[in-house]
Amino acid sequence: MADREEVRRRIIDATTELLRDKGREGVTTRTVSAAAGVQAPTLYRLFTDMNGLLEAVAADGFARYLARKHGQALSDDPVDDLRRGWDTHVGFGLENPEQYLLMYGRPAPGTRRRSTEQATARLRLLVERIAVAGRLSVGVETAMDMVHSAGVGLTLNLIGMPPEQRDPALPGRLREAVLAAITTDAPAGPPSVAQRAVGLKAVLDEVPDLYTPGELALLTELLDRATSHSPAP
């Protein structure tokens, strides 16, 4: 088993290096076999085909990305933690463009990788902490969608540009624009109805047996309605 895993690791590392140095066009059965020091049948035995190998390389990219994200200690400022998470995401993509394209650039419609779900869980943690602090101005799901869409779209756009044409200030500007759209300043007084609703919805998963599925669905609907509530002027 150890030998099998060692060979598998060597092939993934060789493929990742080829992607970085020569791009997707430079990754073929012949070049990977030569770089990893194995015969072509070994690739098929361990990964079935080239798509299986590239999927493994993408999963490895997610593992390295998540290790970097989890290595960041959380602070007392949940908004700043999300800010640092954004910077980590964009930075990883620009440092590993070809692997990032495998991770995010070619999603299959209607499917989600398990490794993608792990990255989503980390984003949910960061956003829910903002909700619990009473600083989220939209629902958790909406905030997650906005951060993910903007961050991935930005990174893919930057990857597609020659480095010399990239605006170095753009990631920070877009990050702050998104944060301004989904967060509020720390409340000086009691939180609003909408802020209370967002915070309560964010912690419902901590008590999964408290409500029946029907009760939880009704409560979620009511909280969503409260989240969009705007007080009369």
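**Group meeting: helix packing in an all-helix chain**

The chain has eleven helices and zero strands. Before going further, please note that this is a predicted model. Read from the N terminus, the order of elements is α-α-α-α-α-α-α-α-α-α-α. There are 233 residues in the chain, and buried residues make up 39% of them. Take the contacts between residues at least 6 apart in sequence: 70% of these join residues at least 24 apart.

I will go through three helix pairs, and stop at a few single residues on the way.

Two packed helices are described by the angle between their axes and the distance between the axes. I will give both for each pair.

Start with α4 and α5. Helix α4 covers residues 50–70, and helix α5 covers residues 78–95. Their axes come within 10 Å and cross at roughly 145 degrees. The crossing of these two helices is right-handed. On the α4 side, the contact is made by Gly61, Arg64, Tyr65, Arg68 and Lys69. On the α5 side, Gly85, Thr88, His89, Gly91, Phe92 and Glu95 take part. Sorted by class, the residues of this contact are two nonpolar, five polar and four charged.

Leu66 also belongs to α4. Is Leu66 buried or exposed? With a relative accessible area of 7%, Leu66 is buried, the cut-off being under 20%. Leu66 and His89 are 23 residues apart along the chain, and their C-alpha atoms are separated by 9.5 Å. His89 is one of the α5 residues in the contact I just listed.

Staying with α5, the next partner is α9, which is residues 170–182. α5 and α9 pack at an angle of about 145 degrees, with their axes 11 Å apart. This crossing is right-handed. From α5 the residues are Val79, Leu82, Arg83, Trp86, Asp87 and Val90. They meet Pro171, Leu174, Arg175, Glu176, Val178, Leu179 and Ile182 in α9. What is the make-up of this contact by class? The contact of α5 with α9 has nine nonpolar, no polar and four charged residues.

Ile182 deserves a closer look. This residue is in α9, and at 0% relative accessibility Ile182 counts as buried. Which residues does Ile182 touch, not counting residues up to four places away in sequence? The list is Leu82, Arg135, Leu136, Ser137, Val138, Ala143, Met146 and Val147. Of these, Leu82 is on the α5 side of the helix contact. As for Val147, Ile182 is 35 residues away in sequence and 9.0 Å away in space, C-alpha to C-alpha.

The third pair is α6, residues 97–105, with α8, residues 140–159. Here the helices pack at an angle of about 140 degrees, with axes 11 Å apart. Why are α6 and α8 called oblique to each other? Angles over 145 degrees count as roughly antiparallel and 65 to 115 as roughly perpendicular, and the angle of about 140 degrees falls in neither range, so the pair is oblique. The crossing of α6 and α8 is left-handed. From α6, the contact uses Pro97, Tyr100, Leu101, Tyr104 and Gly105. From α8, the residues are His148, Gly151, Val152, Thr155, Leu156 and Ile159. By class, that gives seven nonpolar, four polar and no charged residues.

Two threonines remain, both towards the start of the numbering I have used.

Thr31 is in helix α2, residues 29–36. Its relative accessible area is 18%, and the cut-off for buried is under 20%, so Thr31 is buried. The side chain of Thr31 reaches the backbone nitrogen of Thr28 at 2.9 Å. Leaving aside neighbours within four places in sequence, Thr31 is in contact with Leu18 and Gly26.

Thr48 is in a loop, between α3, residues 40–47, and α4. Is Thr48 buried or exposed? Exposed means over 50%, and Thr48 has 60% relative accessibility, so Thr48 counts as exposed. Most residues other than glycine have a negative phi. In Thr48, phi is near 75 degrees, which is a positive value in a residue other than glycine.

To recap the handedness: α4 with α5 is right-handed, α5 with α9 is right-handed, and α6 with α8 is left-handed. That is what I have for today.

How values were computed: Residues numbered from 1 in each chain as written. Predicted model: local features only at pLDDT ≥ 70, side-chain atom pairs only at ≥ 80, totals over all residues. Heavy atoms only, no water. Axes fitted to C-alpha atoms, helices over the stretch in contact; angles between N-to-C directions. Helix = DSSP H or I, 4+ residues; strand = E, 2+ residues; numbered from the N terminus. Parallel < 35°, antiparallel > 145°, perpendicular 65-115°, else oblique. Left-handed = near helix turned anticlockwise from the far one by under 90°. Contact = heavy atoms within 4.5 Å. Nonpolar A, V, L, I, M, F, W, Y, C, P; charged D, E, K, R; others polar. Buried < 20%, exposed > 50% of the residue type's maximum accessible area, 1.4 Å probe, protein only. Polar contact = N/O pair within 3.5 Å; in protein donor to acceptor, adjacent residues only side chain to side chain.
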